[in-house]
Amino acid sequence: MSEMVTQVPLTAGPAPRRHSVAVQVGKVRVGGDAPIVVQSMTNTDTEDAASTARQVAELARAGSELVRITVNTPAAAAAVPRIAERLAMMGVDVPLVGDFHYNGHQLLEREPACAEALAKYRINPGNVGFGAKRDTQFASIIEMALRYAKPVRIGVNWGSLDQSMLAALMDENAQRAEPWDASRVAREALIRSALESAAKAEEIGLERDRIILSCKVSGVQELIAVYRDLATRCDYALHLGLTEAGMGSKGITASSAALAVLLQEGIGDTIRISLTPEPGASRTGEVIVAQELLQTMGLRSFTPLVTACPGCGRTTSEFFQVLAKTVQEHVREQMPLWRVKYDGVENLTLAVMGCIVNGPGESKHANIGISLPGNGEAPAAPVFIDGEKAMTLRGDNIANEFVGILDDYVERKYTARTS
Ligand code: SF4
């Protein structure tokens, strides 16, 4: 019987980042050795400049480092510079990405102020134009990118894959001695569509440091397979995202599962989590999930995270759940101010635990932790600061006192930023 050799990594952590050519998108660098960038997209009507500017500001304040907006009509293109002006008046400095389909070449030509105000153009080779017009319309957009010195994202999407490319690959596959299965042919079509479009853009004159690629599909395993392959076949910066991920926990789980595997392998320079918001819910959920994904993987730090136990039969009161929520919300509310005031505060760690079993141990690992009393335990909540028991809270005001301890700690521990 042959002996199985299992390789156990000696250290925890992701694989080295794949080499990619860095692309400057307005003030934000994507790829190369730049941190993995969080981006999002509005769902307002771009023609409504006021609502769109408000939502862009909301997404940017939540931490979106690039924000994409649909540019689908002449009125939407005309609104883009007005959106940029409104954002400037609001003190929001975030690069805007224009999402173009079918008529991008006309809109960019007719609205020079739109072409100028955008920091990047996103084009989809599958619907940039049809038949003989496809190549000329694609070339027109690339020429606009050259004229205005902008980068582009060539974003292929499974739902709008270039059908002529797919048909050609099916024919090619039929000639193989051992034909590939249909999903492999489809993956190859996605990847070739992206790579051939990028090659065309380069032929027209766009440099590699102006090109970002994406190949989005809606299946987790398919997405992983596509990007693993794409990553080995080029050194363009890559935008990761699971398209049509869905709503609520399904969308979060599917996106996190797919992107986590790729990020762990060092693949990906910018991410978007495409969540369908609940009716009336804020669009910022997708930004928070993207940040939490990067932070829980140890790839970037954005905001202090609260470690909380799930609760069990040892604690029948909801108090610790309420406390964990209060602390997390307090941190999120304070973070816009803390971020500009205190250097390194995003690395702060907090623990809210439900009983003595894991409470003190987990609390000691955090900068600040509290271990609440479980059933039958003395009604006292020890607080640990930097691994040492610092005090014990009792009574009805534990939540407010703990938040006060947290605020004092932040003020004492983190040095004020000078600029
Ligand atoms: S810390 Fe205590 S209450 Fe929380 S899950 Fe563990 S045993 Fe249950």
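Which residue forms a salt bridge with Glu188? That is where I'd start reading this predicted model, and my notes follow.

1. **The Glu188 pair.** The partner is Arg233, and the closest N and O atoms of the two are 2.9 Å apart. This pair links distant parts of the chain: Arg233 sits in helix H8 (residues 220-233) and Glu188 in helix H7, 45 residues apart. Glu188 has 8% relative accessibility, so it counts as buried. Arg233, at 34% relative accessibility, counts as partly exposed.

2. **A second bridge for Arg233.** Arg233 also meets Asp229, side chain to side chain, in a salt bridge of 3.4 Å, N to O. These two are four residues apart in helix H8, so about one helical turn separates them. Asp229 counts as partly exposed because its relative accessibility is 29%. Step back and you find a network: salt bridges that share partners join Glu172, Arg176, Glu188, Arg192, Asp229 and Arg233. As a general reminder, side chains of opposite charge can pair when their charged atoms come close.

3. **H5 tied to H7.** The structure holds 25 salt bridges, and one of them brings together the side chains of Asp135 and Lys200, at 3.4 Å from N to O. Asp135 lies in helix H5 and Lys200 in helix H7 (residues 182-204), so this pair ties together parts that are 65 residues apart in sequence. Both ends are partly exposed: Asp135 has a relative accessible area of 40%, and Lys200 has one of 32%.

4. **Helix H5 itself.** How far apart are the end C-alpha atoms of H5? They are 21 Å apart, which agrees with the 21 Å that its 15 residues should span at 1.5 Å a residue. On the buried side of the ledger, H5 has Gln137, Phe138, Ala139, Ile141, Ile142, Met144 and Ala145. The buried residues of this helix pack against helix H3 (104-110), helix H4 (112-117), E6, E7 and H7. Right after H5 comes Ala149, with a positive phi near 55°.

5. **Lys150, a lysine worth a look.** Is Lys150 buried or exposed? Its relative accessibility is 10%, so it counts as buried. You'll find Lys150 in the loop between helix H5 (133-147) and strand E7 (152-157). A polar atom of the Lys150 side chain lies 2.8 Å from the backbone oxygen of Glu116. Leaving aside residues up to four places away in sequence, Lys150 touches Ala115, Glu116, Leu118, Ala119, Tyr121, Ala145, Leu206 and Arg210. One of those contacts, Ala145, is also among the buried residues of H5.

6. **The barrel.** Which strands close into a barrel? Eight of them do, in the order E3-E4-E5-E6-E7-E8-E9-E11, and the pairing is parallel. Strand E3 (residues 37-41) and strand E11 (residues 270-271) run parallel and are joined by two bridges. Val38 has Ile271 in E11 as its bridge partner. Helix H5 packs on the sheet, where it touches strand E6 (120-123) and E7, and its direction makes about 170° with that of E6. In general, strands of a sheet pair through backbone hydrogen bonds, either parallel or antiparallel.

7. **Positive phi in loops.** Most residues other than glycine have a negative phi. Two loop residues are worth checking against that. Glu244 has a phi near 45°, a positive value in a residue other than glycine. Glu244 is in the loop between strand E9 (237-240) and strand E10 (246-247), and with 56% relative accessibility it counts as exposed. Asp386 has a positive phi too, near 50°. Its place is the loop between strand E16 (381-385) and strand E17 (388-393), and Asp386 counts as partly exposed at 41% relative accessibility.

Terms used:
Residues are numbered from 1 along each chain as its sequence is written. This is a predicted model: local features need pLDDT of at least 70, side-chain atom pairs count only at pLDDT 80 or more; totals for chains, interfaces and linings use all residues. Side-chain values use heavy atoms; hydrogens and water are left out. Buried means under 20% relative accessible area, exposed over 50%, partly exposed in between (1.4 Å probe, protein chains only). A polar contact is a pair of N or O atoms within 3.5 Å; within protein, one must be able to donate a hydrogen and the other to accept it, and residues adjacent in sequence count only if both atoms are side-chain atoms. Contact means heavy atoms within 4.5 Å. A salt bridge is a side-chain nitrogen of Lys or Arg within 4 Å of a carboxyl oxygen of Asp or Glu. Two strands pair if DSSP finds at least two bridges between them. Axes are lines fitted to C-alpha atoms, for helices over the stretch in contact, and angles run from 0 to 180 degrees between N-to-C directions. The expected span of a helix is 1.5 Å times one less than its number of residues.
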